[in-house]
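Trainee: Could you take me through one part of this model closely? I would like to look at the sheet and whatever packs together with it.

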Amino acid sequence: MIMLYLMLGMAPVCIIYMIVSSSKRYSVTESAKMAGGVVFRHKDPALLSKVWYSLVWILITGANLLLNMKRLGYGRGYGSYSSQRQVIFYGIALVIYVMIFIFSIQQYLKYNEFRLCPHCFYLGGTKYDRKHYTYSLDGEEVVFTSGRTEKRITVPEKKRKEVLSILGKYYTKSENG
């Protein structure tokens, strides 16, 4: 039962986070369109990890639903709540986590561009200030580093010259690269 309450308690938190995150990404993306700079398609790995996390929650909820149905002998009524009520609670949690999964996929597919400007760069609908990042080149990738955080961007051949020009003028090159 504790797991059930935990799942139902986490679901509203996840939904609120989704709404806030989505509106923030949307407003950043709209302001980025006015900023100019070099733009090309690049998927944000952080958004992909959110898709995987939501899929894991679906699997955990589904497994709990099936295990509890078997353990309680669906319809026999062991435990503090009737098994029908537990199935309804798990069903509600499962529907909520499926909604979160669909929303995560939508976010991953929607915010799929990288934009490099003289004062900042945008990845996946999130703005990163150039003052906090250094860059290095690793083959066809530009690696932005800030402490432990590392953002790897594969630059298409057509945009490489423009990207290197902006990086050379405005960004700090790391000692490693």
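Mentor: Happy to. This is a predicted model, so let's begin with confidence: the mean pLDDT of the chain is 83, and 90% of its residues reach 70 or more. Helix H4 (residues 160–170) has the highest confidence, with a mean of 92, while helix H1 (residues 2–35) has the lowest, at 80.

Now to the sheet. It is open, with four strands in the order S7-S6-S5-S8 and mixed pairing. Strands S7 (149–154) and S8 (172–173) are at the edges with a single partner strand each, so one side of each has no neighbour in the sheet.

Let's walk across it from the S7 edge. S7 pairs with strand S6 (residues 141–146) in the antiparallel sense, over six bridges, and here you can find Val-143 opposite Arg-152 in S7. On the next step, S6 and strand S5 (residues 134–138) are again antiparallel, with five bridges. Asp-138 has Glu-141 in S6 as its bridge partner. S5 and S6 form a hairpin with two residues between the strands, and Gly-139 adopts a positive phi near 70 degrees there. The last step is where the parallel pairing comes in: S5 and S8 are joined in that sense over two bridges, with Tyr-135 opposite Lys-173 in S8.

Next, what packs together with these strands? The largest nonpolar core has 17 residues, and those touching the most other members are Phe-114, Leu-116, Phe-121, Phe-144, Val-163, Leu-167 and Tyr-171. S6 is among the elements that give two or more residues to this core, alongside strand S1 (38–41), strand S2 (113–116), strand S3 (120–123) and H4. The most comes from H4, which supplies three residues. This fits a general pattern: in soluble globular proteins, nonpolar side chains tend to be buried together.

Phe-121 makes a good viewpoint from which to look around. Beyond its neighbours within four places in sequence, Phe-121 contacts Phe-114, Arg-115, Leu-116, Thr-126, Lys-127, Tyr-128, Tyr-133, Phe-144 and Tyr-171. Rings are a theme here, too: Phe-121 belongs to one aromatic cluster with Phe-40, Phe-114, Tyr-128, Tyr-133, Phe-144 and Tyr-171.

While you are in S3, look at Tyr-122 as well, which has its place in that strand. Tyr-122 counts as buried, at 6% relative accessibility. Leaving out residues up to four places away in sequence, Tyr-122 touches Val-28, Ala-32, Ala-35, Glu-113, Phe-114, Arg-115, Cys-117 and Lys-127. Its C-alpha is 7.3 Å from that of Ala-32, although the two are 90 residues apart in sequence.

Before you leave, there is another region to compare. A second, separate core has ten residues, including Met-18, Leu-65, Tyr-90 and Ile-100.

The structure holds nine aromatic pairs. One of them is the stacked pair of Trp-57 and Tyr-97, with 5.4 Å centre to centre and 15 degrees between the planes. Trp-57 lies in helix H2 (residues 45–71) and Tyr-97 in helix H3 (residues 83–110), so this pair ties together parts that are 40 residues apart in sequence. Trp-57 is partly exposed, with a relative accessible area of 25%, whereas Tyr-97 is buried at 1%. Finally, Lys-43 lies over the face of Tyr-108, at 5.0 Å from the ring centre.

How values were computed. Residues numbered from 1 in each chain as written. Heavy atoms only, no water. Pairing = 2+ DSSP bridges. pLDDT = per-residue confidence, 0-100. Core = buried A, V, L, I, M, F, W, Y, C linked by side-chain atoms within 4.5 Å. Buried < 20%, exposed > 50% of the residue type's maximum accessible area, 1.4 Å probe, protein only. Contact = heavy atoms within 4.5 Å. Phe/Tyr/Trp six-rings, centres within 6.5 Å; stacked < 30°, edge-to-face > 60°. Lys NZ or Arg CZ within 6 Å of the ring centre and 35° of its normal.
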